[in-house]
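Hi everyone, thanks for making the time. I'd like to walk you through one structure today, so please have it open in front of you.

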Amino acid sequence: MTALELRGVGRQFGALRAVDDVDLTVAAGTRHGLIGPNGAGKSTLFKLIAGTLRVSAGSVLLAGRDVTGLRESQRARLGISQTLQHSSLFLPLSVQQNVLLAAQRRHGNPGSLWPRRQAAARDRMGELLAAVGLSTRRSAPAGDLSHGERRQLEIAVALACEPSLLLLDEPAAGMSPAEGDRLVELVQALPREVTVLIVEHDLDVVFRVAESVTVLHLGQVLLTGSPSQVRESASVREAYLGTADRAELFVQGGPG
Amino acid sequence: MSTPADAETVTTRTRPVGAAIGLLVVVGLALVPLFVAPYETTIIGRILIFALLAVSLDLLVGITGLPSLGHAAYFGIGAYTAGWLTINVTAEAPIPLLAAAGAGALAAAATGWLAVRSGGIFFLMLTLAIGELIFQLAQSWESVTGGSNGLYGIPAVQLAGSPLVLAGLRYWYVLAVFLIGYAVLRLVSASPFGAVLRGIRDNEPRMRSLGYSPFRYKLVAFVLAGAVAGLAGGLLTAQQRLVTTADLGFTTAALALLAVVIGGAGTLWGPCLGAALVVLIRDALGPRLDGHGPLVLGLVFILTVYLLPRGFAGLAGLRFRRRPAEPA
Ligand SMILES: Nc1ncnc2c1ncn2[C@@H]1O[C@H](COP(=O)(O)OP(=O)(O)OP(=O)(O)O)[C@@H](O)[C@H]1O
Ligand SMILES: [Mg+2]
């Protein structure tokens, strides 16, 4: 069973081919890493999968179904959920309202014009806030959170959609090492019904989480393989830093 | 794990205070005809009607983030509908009112499916244009609206067969309908649907990626706001027994938006205070100000925008809520 299949997916911005003829198959239940230097097209590829951006070429299949023509909200209802590289939250709303907005669509009555308790959605919200370590901050406006806390909240919001395909774009960026560890544990503890695609500059995080890794360079797939294959590959090292020095592969990524 | 209940202490602690103040205000308003002269009673009735219009607009402006400059159109359509029905069919409450709300909703549905596709300044311009269009329509459709003469000689509303001619009785009628309309919007605002509207206001793209279709929610909000504005228009007809094109013109729409902004958008109760101020300056002080009412309103507006960026409601909020800071 494949969770996601990309066939010849491309996206141009003017003359720039940000994503160029990408083929990718991700089996259901796997944790797949997507790495590549700055500007490789990772975030753009995620947006093409989620439907935030339209493809210029190719098609996107979710669990065997062609979703290329579907809008972002429709794809989300089919089970795609993403966290963006640059936090996108409801800043004036409380932390719990942020999660509840996502949780109430699956567990509540989002169309109800009458006040409701939405106990199931609230329970789920409580669980997720505990899982990302924000239980004590639930009443704070999201705008009051630190950068690392916002990243955690992003993940809680994405998970509250109960996705079958979760796209994480640099979730650990700006997190402390302890927060990063919690993130890794959280992703590892996700049920196997959730397929995870993760973009991360912190390769340590990627190699701990991912079972397979795709390397993107100048919009094209350079290599897809196991973490050890990727680690050993000379072309990957070169693409990354224009150097064959292996140690540099593990430095923390630059600004997004 | 903490229960959702203690998570909400911040809001629940302030709730009894708010409820107590609300109850006091309602009791005070109910006592008005017993202690206040008929002329002043009528002014307070006008404030209530304008406040209902402002609250319905706040559902769009403050809660959904759609600043409308054409909201008086639905108010006016409600007023004309109620007036025409009262003259030609029946004056028996609540028929003219319900028809007014229905007409407001219908007109909002017919125009909203276009308007809510846009946002921000485009929404403002589009609603302005729609408002002008409906204004022109009212002016030229003389057989129904009376053109620039307006619709006059409207009989008094009847309740179970007896007409409400006394100012006090009419005031209670206005107050009762205002409270119902306000309560409906309060409930909607506290509902899951209301939460979705706030989500759209604060981050519409994110709502889409969470699987919501903002268009549907915005359209329902627009229709609901149109219905309550129509209801307020029906009340206007009952109170002043005269409808003119000024009631659905640009000035009324702009004053309603002014009331929302100076009162505090998104709070529902703030715009009621804003409406009171606007009506007092326009109607009560206006004659004494030598026609400089709009000038005074303009000054009040500039002052609030500078001194109270969140309106009057921001004053009450200062004690419990800091504005979320923007960390770099
Ligand atoms: N909306 C856009 N308009 C024009 N160019 C864009 C747009 N979005 C991305 N690009 C360009 O497309 C290329 C790929 O960008 P993308 O953000 O996908 O890279 P990335 O791999 O996520 O990089 P990073 O590691 O820095 O996050 C870059 O050259 C970028 O400047
Ligand atoms: Mg990126």
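I'll go through the metal site, the salt bridges, the surface patches and a few backbone details. One thing to keep in mind from the start: this is a predicted model.

Let's begin with the metal. Which protein atoms serve as donors to the magnesium ion, ligand 2? They are OG of Ser43(A) and OE1 of Gln85(A), and they lie 1.9 to 2.1 Å from the ion. The two residues come from distant parts of the chain, 42 residues apart. Ser43(A) belongs to helix H1 of chain A, residues 42-50, while Gln85(A) is in the loop between strand S6 (80-83) and helix H3 (95-107) of chain A. Are these donors buried or exposed? Ser43(A) has a relative accessible area of 18%, so it counts as buried, the cut-off being under 20%. Gln85(A) is buried too, with 16%. Water is not among the atoms, so the site may look incomplete.

While you have helix H1 of chain A on screen, find Thr44(A), which also sits there. Thr44(A) is buried, at 14% relative accessible area. For a sense of scale, the C-alpha atoms of Thr44(A) and Ala130(A) are 31 Å apart, and the two residues are separated by 86 residues along the chain.

Now to the salt bridges. How many does the structure hold over all chains? The count is 14. I've picked out a few in chain A.

Take Arg124(A) and Glu162(A): their closest N and O atoms are 2.4 Å apart. Arg124(A) is in helix H4 (residues 119-131), and Glu162(A) is in the loop between helix H5 (147-160) and strand S7 (165-169), so this salt bridge ties together parts of chain A that are 38 residues apart in sequence.

My next example centres on Arg208(A). This arginine meets Asp181(A) in a salt bridge, 3.3 Å from N to O. That pair also links distant parts of the chain, with Asp181(A) in helix H6 (residues 177-188) and Arg208(A) in helix H7 (residues 203-209) of chain A, 27 residues apart. Both side chains belong to partly exposed residues: Asp181(A) has a relative accessible area of 33%, and Arg208(A) has 36%.

Arg208(A) forms a salt bridge with Asp204(A) as well, and here the closest N and O atoms are 3.8 Å apart. Where do these two partners lie? Both are in helix H7 of chain A, 4 residues apart, which is about one turn of the helix. Asp204(A) is partly exposed, at 43%. Going back to our earlier pair, salt bridges with shared partners join Arg124(A), Glu127(A) and Glu162(A) into one network.

Let's turn to the surface. Which residues gather in a patch of positive charge there? They are Arg54(A), Arg71(A), Arg77(A) and Arg216(B), so look at both chains. Arg71(A) is in the loop between strand S5 (65-66) and helix H2 (72-77) of chain A, and it counts as partly exposed at 46% relative accessibility.

Chain B has a nonpolar surface patch with about 820 Å² of accessible area together. Its members are Leu23(B), Val27(B), Leu31(B), Leu34(B), Phe35(B), Leu166(B), Leu169(B) and Trp172(B). Helix H2 (9-35) and helix H8 (167-190) of chain B are the elements that give two or more residues to this patch, and H2(B) provides the largest share, 5 residues. Leu169(B) lies in helix H8 of chain B and is partly exposed, with a relative accessible area of 38%.

Last, some backbone details. Most residues other than glycine have a negative phi, and most peptide bonds are trans. Against that background, the bond joining Ala93(B) and Pro94(B) is cis, with omega about 0°. Pro94(B) is in the loop between helix H4 (72-88) and helix H5 (95-115) of chain B.

Glu162(A), our salt-bridge residue, has a positive phi of about 50° although it is not a glycine. At 23% relative accessibility, Glu162(A) counts as partly exposed. Leu218(A) also has a positive phi, near 50°. You'll find Leu218(A) in the loop between strand S9 (212-217) and strand S10 (220-225) of chain A, and at 61% relative accessibility it counts as exposed.

That's my tour, and I'm happy to take questions.

Technical notes. Residues are numbered from 1 along each chain as its sequence is written. Chains are lettered from A and ligands numbered from 1 in the order in which they are written. This is a predicted model: local features need pLDDT of at least 70, side-chain atom pairs count only at pLDDT 80 or more; totals for chains, interfaces and linings use all residues. Side-chain values use heavy atoms; hydrogens and water are left out. Patches are made of residues with over 30% relative accessible area and no salt bridge: like charges are joined within 9 Å, nonpolar side chains (Val, Leu, Ile, Met, Phe, Trp, Tyr) within 5 Å. Accessible areas come from the Shrake-Rupley method with a 1.4 Å probe; for residues, only the protein chains shown count as cover. A salt bridge is a side-chain nitrogen of Lys or Arg within 4 Å of a carboxyl oxygen of Asp or Glu. Lys and Arg count as positive and Asp and Glu as negative; His and the chain ends are not counted. The place of a charge is taken as NZ of Lys, CZ of Arg, CG of Asp or CD of Glu. Buried means under 20% relative accessible area, exposed over 50%, partly exposed in between (1.4 Å probe, protein chains only). Donors are N, O and S atoms within 2.8 Å of the metal (3.2 Å for Na, K and Ca); water is not among the atoms, so sites may look incomplete.
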